[in-house]
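The exercises below concern salt bridges, a ligand shell and one buried site. Work through each task before reading its solution.

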Amino acid sequence: MGLWSRIKRVALTDVAVLVKGIDDGMLEEVERVLLEADFGPATFELVERLRDKMTRGQLKTEAVFREWLLDDIAGMFDGRAADEFNFGDGTGPAVILVVGVNGVGKTTQVAKLAHRMVTRGKTVLLAATDTFRAAGSEQLTVWADRLGVPVVTGVPGGDPAAVAYDAVEAATARGIDVVIVDTAGRLHTEDDLMAELSKLARVIGRRREGAPHESFLILDGTVGQNALQQGKVFSGSVALTGLIVTKLDGTAKGGAVVGLHREIGTPVRFLGVGEAVEDLEPFDPRRFAERLLGD
Ligand code: GDP
């Protein structure tokens, strides 16, 4: 059920509520629905703006209320156009670093980003820096074969930063446009692994000035406040340039995207909306708000 239906069901059972103006019971219900949809702290800001609107008697009908809600949610996002990548100065490959905890869809989003770039005429090389789990690099190799792009992998137990370095080296030698670096999934609570990530970014920067040009954190849109925690810690280790929020196909919890953007302060650049390579959507605040509200 879309967010709008849920709000209507609990807060607008009596349409007179809007005509009468401010109604604390109704505001509380809206607040509860937003919290359930994972809006997090952004809930309270929205409800305060709603209270203000109602006090002024500016939301007299359901249609006006829905339109206001749509604008308000879309307005909580700012930032660059989602589909513009920073490709650097063109003197060498652009490097895109992809990080996140296990199972959020990191490797799948790497494949989706590669597909997106290949269909736009860019040449791409993938780097599998997960030298700890053989399955990690095997999965990326399968994607690379399917996409018809080269992949650089390391030796088991090797230094992930060395693999990334070699990948940038190989891409430079071959005149490839973009290197997408997949990293091992790690928990944000594992300090040594977070430090390894900082090192990875540093080493890439040593091989190629200005790199990584983009650093994307992949977050699972269905895990709510936990994703917020991940975002805060990862952004302390790597200078993130964007969030990609996954698994937003078929969930009523999309409100997490609002909370994530507000709390982490990093723009949402893409949404993962399925398991296929095409299922990566440049983030559009208005379209997102429409889908979240539903109906
Ligand atoms: P990683 O461990 O973070 O690299 O995660 P994977 O890329 O292996 O993905 C974990 C699971 O999530 C796989 O079953 C993927 O097919 C699935 N997945 C990835 N992206 C999405 C998405 O946008 N939507 C849905 N529903 N599933 C996804």
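## Exercise 1: a bridge between two helices

R49 has a relative accessible area of 29%, which makes R49 partly exposed. The model used here and in the later exercises is predicted.

Task: find which residue forms a salt bridge with R49, and state where the two partners lie.

Solution.
1. The salt-bridge partner of R49 is D72, with 2.6 Å between the closest N and O atoms. This is inside the 4 Å cut-off for a salt bridge.
2. R49 belongs to helix α4 and D72 to helix α5 (residues 62-75), so the bridge ties together parts that are 23 residues apart in sequence.
3. D72 has a relative accessible area of 11%. Because buried means under 20%, D72 is classed as buried.

## Exercise 2: a second link, and a network

Task: which residue meets the side chain of R51 in a salt bridge, and which residues form a network through shared partners?

Solution.
1. The side chain of R51 meets that of D24, at an N to O distance of 3.0 Å.
2. R51 sits in helix α4 (residues 42-55) and D24 in helix α3 (residues 24-36); the two are 27 residues apart, and the pair links distant parts of the chain.
3. R51 is partly exposed at 29% relative accessible area, and D24 is partly exposed at 47%.
4. Returning to R49, this residue is also partly exposed, at 29%. Salt bridges with shared partners join D24, E48 and R51 into one network.

## Exercise 3: a bridge within one helix

Task: E36 and R32 meet in a salt bridge. How many residues apart are they in helix α3?

Solution.
1. The N to O distance between the side chains of E36 and R32 is 3.0 Å.
2. The two residues are four apart in helix α3, so about one helical turn separates them.
3. E36, with a relative accessible area of 42%, is partly exposed; R32, at 38%, is partly exposed too.
4. The structure holds 21 salt bridges, including the pair E36 and R32.

## Exercise 4: the ligand shell

Task: describe which residues come nearest to the ligand, and which polar atoms lie by its oxygen atoms.

Solution.
1. There are 18 residues around the ligand, and G103, K106, T108, D249 and E275 come nearest.
2. By class, three residues of the shell are nonpolar, ten are polar and five are charged.
3. Helix α6 (residues 106-119) gives the most to this shell, namely five residues.
4. Two contacts use the backbone: a backbone N or O atom of G103 is 2.8 Å from a ligand oxygen, and a polar backbone atom of V104 is 3.2 Å from a ligand oxygen.
5. T108 uses its side chain, with a polar atom 2.5 Å from an oxygen atom of the ligand.
6. The ligand taken alone exposes 580 Å², of which the protein buries 79%.

## Exercise 5: the surroundings of A167

Task: is A167 buried or exposed, and which residues is A167 in contact with, leaving aside neighbours within four places in sequence?

Solution.
1. A167 is placed in helix α8 (residues 160-174).
2. The relative accessible area of A167 is 0%, so A167 is buried.
3. With neighbours within four places in sequence set aside, A167 contacts L125, A127, V152 and V179.
4. A289 lies 122 residues from A167 along the chain, and the C-alpha atoms of the two are separated by 39 Å.

Note on methods. Residues are numbered from 1 along each chain as its sequence is written. This is a predicted model: local features need pLDDT of at least 70, side-chain atom pairs count only at pLDDT 80 or more; totals for chains, interfaces and linings use all residues. Side-chain values use heavy atoms; hydrogens and water are left out. Buried means under 20% relative accessible area, exposed over 50%, partly exposed in between (1.4 Å probe, protein chains only). A residue is near a molecule or strand if one of its heavy atoms lies within 4 Å of it. A polar contact is a pair of N or O atoms within 3.5 Å; within protein, one must be able to donate a hydrogen and the other to accept it, and residues adjacent in sequence count only if both atoms are side-chain atoms. Accessible areas come from the Shrake-Rupley method with a 1.4 Å probe; for residues, only the protein chains shown count as cover. Ala, Val, Leu, Ile, Met, Phe, Trp, Tyr, Cys and Pro count as nonpolar, Asp, Glu, Lys and Arg as charged, and the others, Gly among them, as polar. Contact means heavy atoms within 4.5 Å.
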